[in-house]
Amino acid sequence: MNIKITGVGSYIPDTVEKNESFHNHEFLNADGSTINAPNEVIVEKFKAITGIAERRYAKSHHNSSDLGFFAAEKAIEDANIDPETIDYIIVAHNFGDVKHNTIQSDMLPSLATRIKHSLGIKNPKCVAFDILFGCPGWIEGVIHAKAFIQSGMAKRCLVIGTETLSRVVDKHDRDSMIFSDGAGATIIEATEEEGGILAYETASYTYDEAYYLYFGNSNNPELNQDIRYIKMDGRKIYEFALVNVPKAMKTCLDNSGYSINDVKKIFIHQANEKMDEAILKRFYRQYKTKIPEHIMPMSIQTLGNSSVATVPTLFDLVKNNKLENHSLSKGDVVMFASVGAGMNINAIVYKY
């Protein structure tokens, strides 16, 4: 028995928010002081570092659970399965449903429950629950699905990553330009086909790193300080990722039985273009091997960072030949890797 991704789908919102739309924002330092640079310069520097030129925002009447439902429908259709046969629905997110122009996160009932309801699944033995694992949430959900299937508790799982980060950002913080909305979904199931999940690695670093990402006050001290927004220590996250993600990827690959030369694609969480490139460089340096051309697909330039949705969305785009110079063939060995709030890290080696 092997455990494979048999269906994949994503939902990319239609609303495009270009960098130019931030030219009229009032960006402030964390202490509330004015940044001594024009917005055009701030935005240009931001693009040079992150690679982001535009991002996607959900329609005002859609919430995270809606986006997850749209992606799930596509994954179910792609797998050509009866949704009533799904044993587990695992939904990774960070902030629940945050309605447009509101400040309250809504996670009751769980997003997985809402998505199961929207899918019209009647089977009560289809168990639906959420996981909070930062940006690596979808990969962690896949690892959980593997465990359920391997133990005999399930035969088929639906794993979703969905987020509307645009609704929890501080418009006075330059980091707000990073985040976007979206959803990706996969069907994971037992199969007699060759390949599937070959190895995984996962870890939580909390002793010093727990609050590198957190909920904090607006950079604008005149705003209500009881309202919280997503905040991060970008420098510490960058340094943490560069040290720890390549190590986790190496451990995962070494445990898979495959060599670095066997890897055809590496799907890394789309957090920051320069950071992902540095992670890739350090990963290959461990093997004293040159980085192959077109090994790492990127979507951050046009889709931004949609947290738990980035990796499954990227996988869906490549699977369906929607990214130039990137495609998958039967038997290809690929890697998934992510880092995020916790601080959490994980990786999977997968044979397509």
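A residue counts as buried when its relative accessible area is under 20%, as exposed when that area is over 50%, and as partly exposed in between, using a 1.4 Å probe and protein chains only. The views below come from a predicted model, in which local features need pLDDT of at least 70 and side-chain atom pairs count only at pLDDT 80 or more, while totals for chains, interfaces and linings use all residues. Residues are numbered from 1 along each chain as its sequence is written, and side-chain values use heavy atoms, with hydrogens and water left out.

**View 1. Phe69 and Phe70 form a tilted ring pair.**
The structure holds 16 aromatic pairs, where rings of Phe, Tyr and Trp (its six-membered ring) pair if their centres lie within 6.5 Å. Planes under 30 degrees apart make a pair stacked, over 60 edge-to-face, and the rest tilted. For Phe69 and Phe70, the ring centres are 5.7 Å apart and the planes meet at 50°, so this pair is tilted. Phe69 is buried, with a relative accessibility of 14%.

**View 2. Phe336 and Tyr350 make another tilted pair.**
Their rings sit 6.2 Å centre to centre, with 50° between the planes. Phe336 belongs to strand 12 and Tyr350 to strand 13 (residues 344–351), so the pair ties together parts that are 14 residues apart in sequence. Helices (H or I, at least four residues) and strands (E, at least two) are DSSP runs, numbered from the N terminus. Both Phe336 and Tyr350 are buried. Step back a little and you will find these two in one aromatic cluster with Trp138, Phe267, Phe315 and Tyr352.

**View 3. The largest pocket has a volume of about 1200 Å³.**
Pockets and cavities are found on a 1 Å grid over the protein atoms alone: a pocket is an open set of points with protein on both sides within 12 Å along at least five of seven lines, whereas a cavity is a set of points where a 1.4 Å probe fits but cannot get out. Lining residues have an atom within 4 Å of a point. Grid points are joined across faces, edges and corners, and a volume is the space filled by probe spheres set on the points. Here 50 residues form the lining, and Asp175, Ile178, Met232, Asp233 and Gly234 lie nearest the centre. Helix 1 (39–50) gives the most, with six residues. Other elements that each supply at least two residues include strand 9 (213–216), strand 10 (229–232), helix 5 (234–256) and helix 6 (273–285). Strand 12 (333–340) likewise supplies at least two residues to this lining. By class, the lining has 27 nonpolar, 15 polar and eight charged residues; Ala, Val, Leu, Ile, Met, Phe, Trp, Tyr, Cys and Pro count as nonpolar, Asp, Glu, Lys and Arg as charged, and the others, Gly among them, as polar.

**View 4. The second largest pocket has a volume of about 700 Å³.**
Its lining counts 29 residues, and those nearest the centre are Asn101, Ser166, Arg167, Val168 and Val169. The lining divides into 12 nonpolar, nine polar and eight charged residues.

**View 5. The structure holds one cavity of 30 Å³ or more.**
This largest cavity has a volume of about 70 Å³. Among its 14 lining residues, Ile12, Asp181, Leu303, Ser306 and Thr313 are the closest to the centre. Strand 7 (181–191) and helix 8 (310–319) each supply at least two residues, and strand 7 gives the most, with three. The lining is made of six nonpolar, six polar and two charged residues.

**View 6. Helix 3 (residues 111–119) has buried residues covered by other elements.**
Look here for Leu111, Ala112, Arg114, Ile115, Lys116 and Leu119, the buried residues of helix 3. Their cover, judged by contact (heavy atoms within 4.5 Å), includes helix 2 (64–79), strand 4 (88–92), strand 5 (127–131) and strand 6 (156–164). Just after the helix comes Gly120, with a positive phi near 75°.

**View 7. Cys135 and Cys252 are not joined.**
The structure holds zero disulfides, a disulfide being a pair of cysteine sulfur atoms within 2.5 Å. The closest cysteine sulfur to that of Cys135 is in Cys252, 19 Å away, too far for a bond. Cys135 is buried at 14% relative accessible area, and Cys252 is buried at 0%.
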